[in-house]
Amino acid sequence: MDMQPSDLTCQELVELVTEYLENCMAPDERVRFEAHIMVCPGCRTYLEQMRQTIRAIGQLTEESLDPTTRDKLLALFRNWKRNG
Amino acid sequence: MGAGAVRETTHDTGHGGGDETQFISALRAGDEPAFVELIDRYHAGMVRLASVFVRDAAVAEEVVQEAWVGVLRGLHRFDARSSLKHWISTILINRAKTRAVRERRSIPFSALTVDTGFELFEPSVERERFQSDDADQWRGGWVSFPQDWTNAPDEQLLSQETHNHIHACIDALPASQRDVVWLRDVHGLTAGETCSLLRISEVNQRVLLHRGRAKVRLALELYLAGK
């Protein structure tokens, strides 16, 4: 298959990243996507940034707790420990 | 949705394998510091997750406390087929749904409100960053490539300040995008689980997820560029 740059533009590609990462693309679409990524450093960077973004979002649940809530939860824990 | 629901392999599991096993043993043994670590890590996120189903902040807080009781009682049967984080989220979602039904609200708010999460086309990257249609060549190509983030070390991506920034960005998303990003990327639910919880189609789910992620990426790009 002969790849023309016009086959899939960068502007179109950025809209397809989640579809690509979710493995929901038709096989020929996937070929077009990957062919573009191979020759386009800008879109490679964009794809990698989306992966980094997803990883960073995945780390989000670590937040500090206010002392009142912590005490309440610790009371639940101690109660559970006492009663099994 | 069972605790052993299939998880997508790419998602972060919090603690890695052996480490998590030890952590769970400590919890089962009633180790208080381990519990403190657990609530520090998950409680705030759980409250947000509960708010997908119950509007009232105090009720969400209550539901999460109920879920913690459920977690403690269920610890002995947790079998590590799913990650701890995913298992806890499942318990919480079940409680939150029960509570929502009791309050005659079984559909998440985002499904009830018309917001701009899906109706309008929102480009993932601003149009000005691509060559216009009347350009001589490279129509739709980058005007200048995005700066790669390898110079921003992972530590910066993982810093508390960056986290706060990402958090604020997710909070500012339209509700439907926020819920999907929250369930999929923060809590590690699968696409199928997310669709059935939010009662949306696979395609909607994916579009909402993409738009949410794209906005967070853009916010990170500006942030890392010091803008």
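Here are four short exercises, with worked solutions, on a predicted model of chains A and B.

**Exercise 1. The A–B contact**

Work out how many residues each chain puts into the contact, and which elements of chain A take part.

Solution. Start with the head count: chain A brings 40 residues and chain B brings 47. Next, look for elements of chain A that give two or more residues to the side touching chain B; you'll find α1 (10-13), α2 (17-21), α4 (41-58) and α5 (67-83). The largest share comes from α4(A), with 14 residues. Finally, sort this side of chain A by class: 17 nonpolar, 13 polar and 10 charged residues.

**Exercise 2. Two domains in chain B**

Find where chain B divides into domains, and describe how the two parts touch.

Solution. Begin with the bounds: domain 1 covers 17-102 and domain 2 covers 111-224. Taken over C-alpha atoms, their centres sit 27 Å apart. Now go to the contact, where domain 1 of chain B puts in nine residues and domain 2 of chain B puts in seven. On the domain 1 side, α2 (32-50) and α4 of chain B each supply at least two residues. Of these, α4(B) gives the most, with four residues. By class, that domain 1 side has three nonpolar, four polar and two charged residues.

**Exercise 3. The largest nonpolar core**

Pick out the residues that touch the most other members of the largest nonpolar core, then see which parts of chain B feed this core.

Solution. The core has 63 residues, and the ones to pick are B:Ala50 and B:Leu92. Helix α4 (residues 84-102) of chain B gives the most to this core, namely eight residues. Check the domains too: domain 1 (17-102) and domain 2 (111-224) of chain B each give the core at least three residues. Then zoom in on B:Leu92: leaving out residues up to four places away in sequence, its partners are B:Met46, B:Leu49, B:Ala50, B:Val64 and B:Ala67.

**Exercise 4. Positive phi outside glycine**

Locate A:Asn23 and B:Arg199, and decide whether each is buried or exposed.

Solution. Recall the background: most residues other than glycine have a negative phi. A:Asn23 goes the other way, with phi near 65°, and you'll find A:Asn23 in the loop between α2 and α3 (27-39) of chain A. Count its surroundings: 10 other C-beta atoms lie within 10 Å, so A:Asn23 is exposed. For B:Arg199, phi is near 55°, again positive. This residue lies in the loop between α9 (191-198) and α10 (202-224) of chain B. With 12 other C-beta atoms within 10 Å, B:Arg199 is exposed; the cut-off for exposed is 12 or fewer.

Terms used: Residues numbered from 1 in each chain as written. Chains lettered and ligands numbered in written order. Predicted model: local features only at pLDDT ≥ 70, side-chain atom pairs only at ≥ 80, totals over all residues. Nonpolar A, V, L, I, M, F, W, Y, C, P; charged D, E, K, R; others polar. Core = buried A, V, L, I, M, F, W, Y, C linked by C-beta atoms within 7 Å. Buried ≥ 20, exposed ≤ 12 C-beta atoms within 10 Å, placed from the backbone. Domains from an automatic or database assignment.
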